[in-house]
Amino acid sequence: MERTFLGEFLKARERLFEGFLTTIEISSLVIVIGLAAGVIGGLLLVYGPKPVRFLMRVYVDVLRGIPILVLILFSYYGLALIGLNISAFTAGVVALAGFCSAHMSETFRGAIDSIPAGQTEAAKAIGLTFRQRFVYVLLPQAARRIVPPAINTAVEMVKGTTLLSVIGVLEILLATQQAIARNYMVIEFYATAMAFYFVLNFSLSRVGAYFERRFGFIKY
Amino acid sequence: MSASPSVSPRAEPARELLVARGVHKSFGDTKVLKGIDLTVTEGEVVALIGASGSGKTTFLRCINLLEEFEQGSITVDGDPVGYADRNGTRRRISETRLAAQRARIGMVFQSFNLFPHMTAAENVMLGLVKVKGMAKAEARSIAEHWLDRVGLAERRDHHPFQLSGGQQQRVAIARAVAMEPRLILFDEVTSALDPELVSEVLGVMKDLAKSGMTMIVVSHEMLFVRDVATHVVFLDSGRIVEEGEPHALFRNPSSDRLRGFLGRFTDIIGDITTR
């Protein structure tokens, strides 16, 4: 009996679906944690006391300078050596979220720093407190500058989840490779994986485009 | 000693509103203010003039602590701005107290600094709602009133990028005045404007001066200074060299520095004392 792609796909569908969900789950966790940590990290980089700024700077520069795969291997095998036994899934989220937060912190810092000093001065002059200046004056202007690079980072994170196949996390790529190992339908199954990733990332960039339009009225 | 607040200001015509004593300020090793003493009474329009680098803008920015200063004191309405004496040491006051002080001192900037993500009306409303705690509707009607006063009733729902420089600066003035400050600081507010837009901004400032608003103005518009200021202060290298009533000061400058400074304007606009 001849093998058809549809037949093989149906056979592998449960594993593929599981991989798809895992990819989405890890990506969402990493992006949400990275973004939240990035807002805090960015604030510390701009307004933190000097020692805190210095530590944040080291964190951001070190993490951005290390390949994601190395971070993943370190967090999976390295943390186990020092007695932290975490699952491959957790190790992957830790590594990717660490990387993501470093990028988001830097994006956030850049966005705040690029707002003209006159904006803060005008906000001070009408009597706004630090928190009010940030919420009503700086953040809305920073948002527009954050969206494009933040979406880029998010897309990179979705792609970065494929590296977790190396430590045995069953995400789309590993599920695809396992299917191919059984049926040798290399082109068909890799093409399917590509389609998954494309749909995910294209949706992300559409979300980005929406927010860019939403903040597009802010002009100088 | 400052006047007791219970005394009616009408009974006391020359009520001191701002008192600066021995204000010193350095940027690194460069001393930009070397002991500024200045008293501004209520309703006065004080013009700070001088060459660039003389310290006039820096002093203006010290008044609402956009610039910190190392020595001396500035009090507005008897309240020392920015610093408090605690057991003999000079300490910065808390962020909240400083914000409250700043709310009573308006400022208009050379580069307008309107908030680009808000309409003209929203720019004026922000301080009213967030600092003064007004309801939005009330703030909106006050904003509309002031935008009308500066001739921008029809532009209130425009964003800054849709307005000319002169219009943006008038919104900025409305934003400062609407807070009902005790005094307003003007930092070279016409320097960034095209010549044909300068007069619309100066016109608004003249009206404001006539209404009795206390103003401290850094300006190179000597004709405006001569006609509107009640008191002119000439700064040179971080010191007050000469001060007085504008016509008298411009006619008979007693220092070579001021004579030289005014001479530069005479070349451009003719004799300031006679025109």
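Let's start with the overall dimensions of chain B: a compact globule of 275 residues would have a radius of gyration near 19 Å, and chain B, at 19 Å, agrees with that expectation. Please keep in mind that this is a predicted model. Along the principal axes, the C-alpha atoms of chain B fill a box of roughly 55 × 55 × 45 Å. Chain A gives another set of dimensions, with its C-alpha atoms filling a box of roughly 80 × 45 × 20 Å.

The secondary structure of the two chains is worth a look next. Chain B holds nine helices and 12 strands. Chain A has eight helices and zero strands, so that a walk from its N terminus reads α-α-α-α-α-α-α-α.

Let's take the strands of chain B, beginning at its N-terminal hairpin. Strand β1 (residues 16-27) and strand β2 (residues 30-41) of chain B run antiparallel to each other and are joined by nine bridges. To find the register, look for E16(B), which stands opposite T41(B) in β2(B). The hairpin that β1(B) and β2(B) form has two residues between the strands. One residue of the turn, G28(B), has a positive phi of about 60°.

On to the next partner of β1(B). Strand β4 (residues 71-76) of chain B pairs with β1(B), again in the antiparallel sense, over five bridges. Here the residue to pick out is H24(B), whose bridge partner in β4(B) is Q71(B). These pairings belong to an open sheet of four strands in chain B, ordered β2-β1-β4-β5 and antiparallel in its pairing. Its edges are β2 and β5 (79-80) of chain B, each of which pairs on one side only.

Chain B also contains an open sheet of six strands, in the order β8-β9-β10-β3-β11-β12, and here the pairing is mixed. At its edges stand β8 (105-108) and β12 (239-244) of chain B; each has a single partner strand, so one side of each is left without a neighbour in the sheet. From one strand to the next, the twist averages 20°. Within the order of this sheet you will find β10 beside β3. Strand β3 (residues 45-49) and strand β10 (residues 214-218) of chain B pair in the parallel sense, over four bridges. V45(B) is a good place to check the register, since V45(B) stands opposite M215(B) in β10(B).

Now for the helices. Two packed helices are described by the angle between their axes and the distance between the axes. In chain B, helix α3 (residues 120-130) and helix α4 (residues 136-149) pack at an angle of about 130°, with their axes 8 Å apart. That angle makes α3(B) oblique to α4(B). The crossing of α3(B) and α4(B) is right-handed. On the α3(B) side, the contact is made by A120(B), A121(B), V124(B), M125(B), L128(B) and V129(B). Residues of α4(B) in the contact include I142(B), W146(B) and L147(B), as well as the charged pair K136(B) and R140(B). By class, the contact of α3(B) with α4(B) has 11 nonpolar, no polar and three charged residues.

Chain A offers helix pairs of its own. Helix α1 (residues 5-47) and helix α4 (residues 88-113) of chain A pack at about 40°, with their axes 6 Å apart. That makes α1(A) oblique to α4(A), and their crossing is right-handed. The residues of this contact divide into 17 nonpolar, eight polar and two charged.

Further along, the axes of helix α7 (residues 172-183) and helix α8 (residues 186-214) of chain A come within 9 Å and cross at roughly 165°. That makes α7(A) roughly antiparallel to α8(A). The crossing of α7(A) and α8(A) is right-handed. Contact residues of α7(A) are I172(A), L173(A), T176(A), A179(A) and I180(A), while those of α8(A) include F189(A), Y190(A) and F196(A). By class, the contact of α7(A) with α8(A) has nine nonpolar, two polar and no charged residues.

Finally, let's bring the chains together. Their contact takes 20 residues from chain A and 23 residues from chain B. On the side of chain A that touches chain B, the elements giving two or more residues are α5 (117-125) and α6 (130-160) of chain A. By class, that side of chain A has 11 nonpolar, six polar and three charged residues.

Terms used:
Residues numbered from 1 in each chain as written. Chains lettered and ligands numbered in written order. Predicted model: local features only at pLDDT ≥ 70, side-chain atom pairs only at ≥ 80, totals over all residues. Pairing = 2+ DSSP bridges. Axes fitted to C-alpha atoms, helices over the stretch in contact; angles between N-to-C directions. Parallel < 35°, antiparallel > 145°, perpendicular 65-115°, else oblique. Left-handed = near helix turned anticlockwise from the far one by under 90°. Contact = placed C-beta atoms within 7 Å. Rg over C-alpha atoms; globule rule 2.2 N^0.38 Å.
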